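I opened the notebook to record what I looked up in this structure. The entries follow in the order in which I made them.

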Amino acid sequence: MTETVDFRGVRLYPAFLDRAAQEAMVAALRRIAEAAPMFHPETRFGKPMSVKMTSAGRYGWVSDRRGYRYEPRHPTGVDWPPIPPEALAVWQAVSGVERAPECCLVNYYAETARMGLHQDIDEADFTMPVVSISLGDDALFRVGGQERSDSTASAWLHSGDVCVLAGAARKAFHGIDRLKPGTSTLLPQGGRLNVTLRVVT
Ligand code: MD3
Ligand code: FE
């Protein structure tokens, strides 16, 4: 079992997935993107996000001019594909809860993509953790407190790292400031994939 590190209430499992497990996860994510193609969500202001996204599970996360929300179908109208067993196994190993995740959100960061500081508060039950899996290039992760004005701290996330956001950290502001391109050979085109598993209802 891997050691954990506490980073501002975020439980980090460095190198939780070995190379073979990372490759299997990427293959599973490619199958998700074949069924439910990645898209650049639009912010409330109509500006496309730099990160591309898709989802698996009963609910997927979408954003457009109508706002941010979970939807039972991809914008094209197709059902989201099922959450892959490889991702469910990570959830079962680290989440500490009995409920199964209902959304597996897949984020793709090209070299220059970033994600601004935000909270994940569109879910109904904040006693349910969020589990995140990093794949590909290193990413500079920033986490603060429950108020946007709270001080923040940063750490690099590496391919194969898993984070568990539970307790007070569940509602912490967080974001991805930048990638360090060329730091991983996992994805032939470079960049970074992040998987977050969530209970939505
Ligand atoms: C800390 N994704 O999809 S994952 C997101 O790397 C998101 O793609 C980032 O933020 C990414 O919403 C960060 C790690 C993460 C996820 C949820 C959190 C950190 C969190 C919720 C609360 C605090
Ligand atoms: Fe988030």
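Before starting on pockets, I wrote down what the word means here: a pocket is an open set of grid points with protein on both sides within 12 Å along at least five of seven lines. I also noted that this is a predicted model.

Entry on the largest pocket. I looked up its volume and found about 900 Å³ of space. I then listed its lining, which has 42 residues. Met115, Gly116, His118, Asp120 and His174 are the ones that lie nearest the centre of the largest pocket. Next I checked which elements give two or more residues to this lining, and I found strands S6 (103-109), S7, S8, S9 (138-143), S11 (162-165), S12 and S13 (192-198). I sorted the lining residues of the largest pocket by kind and got 21 nonpolar, 11 polar and 10 charged.

Entry on the iron ion. Which protein atoms are donors of the iron ion (ligand 2)? I found NE2 of His118, two entries for OD of Asp120, and NE2 of His174, at 2.0 to 2.7 Å from the ion. Along the sequence, the donor residues follow the spacing H-x1-D-x53-H. I placed Asp120 in the loop between strand S7 (115-118) and strand S8 (130-136), and His174 in strand S12 (residues 174-180), so this pair ties together parts that are 54 residues apart in sequence.

Why is the arrangement around the iron ion (ligand 2) irregular? I looked at the angles that the 6 donor atoms subtend, and they run from 50 to 174°. Six donors count as octahedral if opposite donors are over 155 degrees apart and all others between 65 and 115. The 50° angle fits neither range, so the arrangement is irregular.

I then asked whether Asp120 and His174 are buried or exposed. The cut-off for buried is under 20% relative accessible area. Asp120 has 11%, so Asp120 is buried. His174 has 17%, so His174 counts as buried.

Entry on the second largest pocket. I found about 210 Å³ of space in it. Its lining includes Leu29, Arg30, Ala33, Tyr108 and Leu193. Helix H1 (residues 19-35) gives the largest share of this lining, 3 residues. By kind, I sorted the lining of the second largest pocket into 7 nonpolar, 2 polar and 2 charged residues.

Entry on Gln22. I stayed with helix H1, where Gln22 lies. Gln22 has a relative accessible area of 7%, so I put it down as buried. Leaving aside neighbours within four places in sequence, I listed its contacts as Leu17, Leu135, Ser159, Gly160 and Leu186.

Technical notes: Residues are numbered from 1 along each chain as its sequence is written. Chains are lettered from A and ligands numbered from 1 in the order in which they are written. This is a predicted model: local features need pLDDT of at least 70, side-chain atom pairs count only at pLDDT 80 or more; totals for chains, interfaces and linings use all residues. Side-chain values use heavy atoms; hydrogens and water are left out. Donors are N, O and S atoms within 2.8 Å of the metal (3.2 Å for Na, K and Ca); water is not among the atoms, so sites may look incomplete. Four donors count as tetrahedral if all angles lie between 85 and 135 degrees; four count as square planar and six as octahedral if opposite donors are over 155 degrees apart and all others between 65 and 115; anything else is irregular. Helices (H or I, at least four residues) and strands (E, at least two) are DSSP runs, numbered from the N terminus. Buried means under 20% relative accessible area, exposed over 50%, partly exposed in between (1.4 Å probe, protein chains only). On a 1 Å grid over the protein atoms alone, a cavity is a set of points where a 1.4 Å probe fits but cannot get out, and a pocket is an open set with protein on both sides within 12 Å along at least five of seven lines; lining residues have an atom within 4 Å of a point. Grid points are joined across faces, edges and corners, and a volume is the space filled by probe spheres set on the points. Ala, Val, Leu, Ile, Met, Phe, Trp, Tyr, Cys and Pro count as nonpolar, Asp, Glu, Lys and Arg as charged, and the others, Gly among them, as polar. Contact means heavy atoms within 4.5 Å.
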